There are 2 protein chains.
Amino acid sequence: MAATLETVSSSKHHEGTLTKYKIRSIVLGDLDTQFNLFLPANAAQGKVPVLVYLAGLTCTEDNGAQKGGFMRDAATEGIAILFPDTSPRGAGIEDETAAWDFGVGKSGAGFYLNATRSKWSKHYNMLDHVTKELPAVIEAAGIPIDFSRQSIFGHSMGGHGALTIYLNSLILGAKQYRSCSAFSPICEPSAVPWGQKAFRGYLAGGVEEGKANYDASVLVGKVKGAINILIDYGTADTFLYQLHPEVFLKAARDAGHDEVQVRVRCHEGYDHSYYFISSFASDHIHFHANFLKA
Amino acid sequence: MAATLETVSSSKHHEGTLTKYKIRSIVLGDLDTQFNLFLPANAAQGKVPVLVYLAGLTCTEDNGAQKGGFMRDAATEGIAILFPDTSPRGAGIEDETAAWDFGVGKSGAGFYLNATRSKWSKHYNMLDHVTKELPAVIEAAGIPIDFSRQSIFGHSMGGHGALTIYLNSLILGAKQYRSCSAFSPICEPSAVPWGQKAFRGYLAGGVEEGKANYDASVLVGKVKGAINILIDYGTADTFLYQLHPEVFLKAARDAGHDEVQVRVRCHEGYDHSYYFISSFASDHIHFHANFLKA
């Protein structure tokens, strides 16, 4: 956890600062990785709460920062946003770059899990990178973020990441995150091609191991107590067959989580793009602000 | 002017629609060109005013649409935004792709003029493309935009384009645009490397021809009557030596245009990036709305 932050670039943004950092990641098997961090102006007066944004397939740490439209409201609310990359880069594993929806080719398909198949387990540990390494590195650097006030959101594969990280944290009693939201998330990965491919590839126990540990529609049934989840998706999303939001909604309701705890909104005509995400960005920031500033 | 619109893609965005179109451009010398067009939801009830956004070097029709943060307020105000490309593509002119700040290599350096050197004059006519061809094609297609309520803005090279197109229109008495704004514009191209290179390359009369016809700091002195201009730039802009906003401001004041007519704002710590642009996007949309909805 002793990685040192190197500043790649920094831009003033909505009176705060958007900085791209590089670190040598230990949990990703001694590889360079980058992340973007937005600090609102009020961070100059003391520690601020933070929202972690997990991007989807084909993305990097830049997509959400550049296209998400999140910072205008985050600046107003005084909330930091952390944008990790989506996958390790440069591990050099055989077949790593062959597919667009697995490994690192054009995909960044880290799936926000810790790999258990030996071929991948040295490097593909995005779960520990997001939940442990980045907070530790940022705290050690003295950046004024209060990780006891943390929430998480994401898009598509990153929506899967946000939901599973949030739910697993609650199941473990860790309460690391106060709320979770997602745009067009992969809600039932063990039942769809993207998720099955990832689980078969990264996990020694394949789809069954994935279903037990990293499937939001399974995990939501295991949480005792209240949860705070907002999900948005669009009816014109050509990847809906990979997402299954209705399966997650039913599992949440069956487990006793009502519409205050789990709100799933279906938007007529919207697709899977950042044009969709940025249309509802403001709602997500204010949703999380309710909990981060409580 | 008989080019036909082909829809490349379309996404619902802030209750309106962001559509990418392709046309075979006549004024660009029979080349394919693309543009993005945001139509707000109220366009379903009748023609809406339009704001033309001109992007800078290295950009395409996508940068402003994806990173500018303009549509949230444009949707609220009920204003369309047209995002042309920055240069012809595929003309195949010798040396066209050699430089990053001229021609089309990584640059898209059309400079929003009509070339007069024979080598470039068949294709490099972004001025006519933006001011004549695109409005004609969009009107002919029956898209509900009222081009009698039109304003123009841009960034860097596109800020140069917006200023010169706006001022030249006023000098000609055409009043094609109601207002003009720019982020980090090239304000005195005849005196800086980017502008000199473009003028020497594209214009038979070189820098002198450029200074007479396409230099905002010269043109602003030739306008009779009121003008409506807003310019924003940042003190951390590493390209300030290419921009000269203070020269433009002095020329405007010398010509009798006061701070109501020409407002130039200097923002401490902001740079040349879209993180700067999107921080002040809202101000620009509302500035233009004052005139477009008057």
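**Contact between the chains**

I started with the contact between chain A and chain B, which takes 23 residues from chain A and 23 residues from chain B. I keep in mind that this is a predicted model. Next I looked up the buried area: the two chains bury about 2,000 Å² between them, and 43% of that lies on carbon and sulfur atoms. On the chain A side I noted Lys12(A), Arg72(A) and Tyr275(A), which supply 35% of the area that chain A buries against chain B, more than any other three residues.

**Polar side of the interface**

I then went through the charges and found two salt bridges across the interface of chain A and chain B. I wrote down one of them, where the side chains of Asp73(A) and Arg72(B) meet at 2.8 Å, N to O. For polar contacts between the chains I have 16 residue pairs, both residues at pLDDT 80 or more. Which elements of chain A give two or more residues to this side? I list strand E1 (6-13), helix H1 (61-67), helix H2 (71-77) and helix H10 (274-279). By residue type, the chain A side divides into six nonpolar, ten polar and seven charged.

**Cores**

Moving inside, I looked up the largest nonpolar core, which has 72 residues. Those with the most contacts inside it are Ile145(B), Tyr202(B), Ile229(B) and Phe248(B). Helix H5 (residues 157-171) of chain B gives this core its largest share, seven residues. I followed Phe248(B) a little further: leaving out residues up to four places away in sequence, its contacts include Leu163(B), Leu167(B), Cys187(B), Ile229(B) and Val262(B). I also logged a second, separate core of 70 residues, with Leu54(A), Ala99(A), Met126(A) and Ile165(A) among them.

Technical notes. Residues are numbered from 1 along each chain as its sequence is written. Chains are lettered from A and ligands numbered from 1 in the order in which they are written. Side-chain values use heavy atoms; hydrogens and water are left out. Contact means heavy atoms within 4.5 Å. Buried area is the accessible area (1.4 Å probe) that two parts lose on being put together, summed over both. A salt bridge is a side-chain nitrogen of Lys or Arg within 4 Å of a carboxyl oxygen of Asp or Glu. A polar contact is a pair of N or O atoms within 3.5 Å; within protein, one must be able to donate a hydrogen and the other to accept it, and residues adjacent in sequence count only if both atoms are side-chain atoms. Helices (H or I, at least four residues) and strands (E, at least two) are DSSP runs, numbered from the N terminus. Ala, Val, Leu, Ile, Met, Phe, Trp, Tyr, Cys and Pro count as nonpolar, Asp, Glu, Lys and Arg as charged, and the others, Gly among them, as polar. A nonpolar core is a set of buried Ala, Val, Leu, Ile, Met, Phe, Trp, Tyr and Cys residues joined through side-chain atoms within 4.5 Å. Buried means under 20% relative accessible area, exposed over 50%, partly exposed in between (1.4 Å probe, protein chains only).
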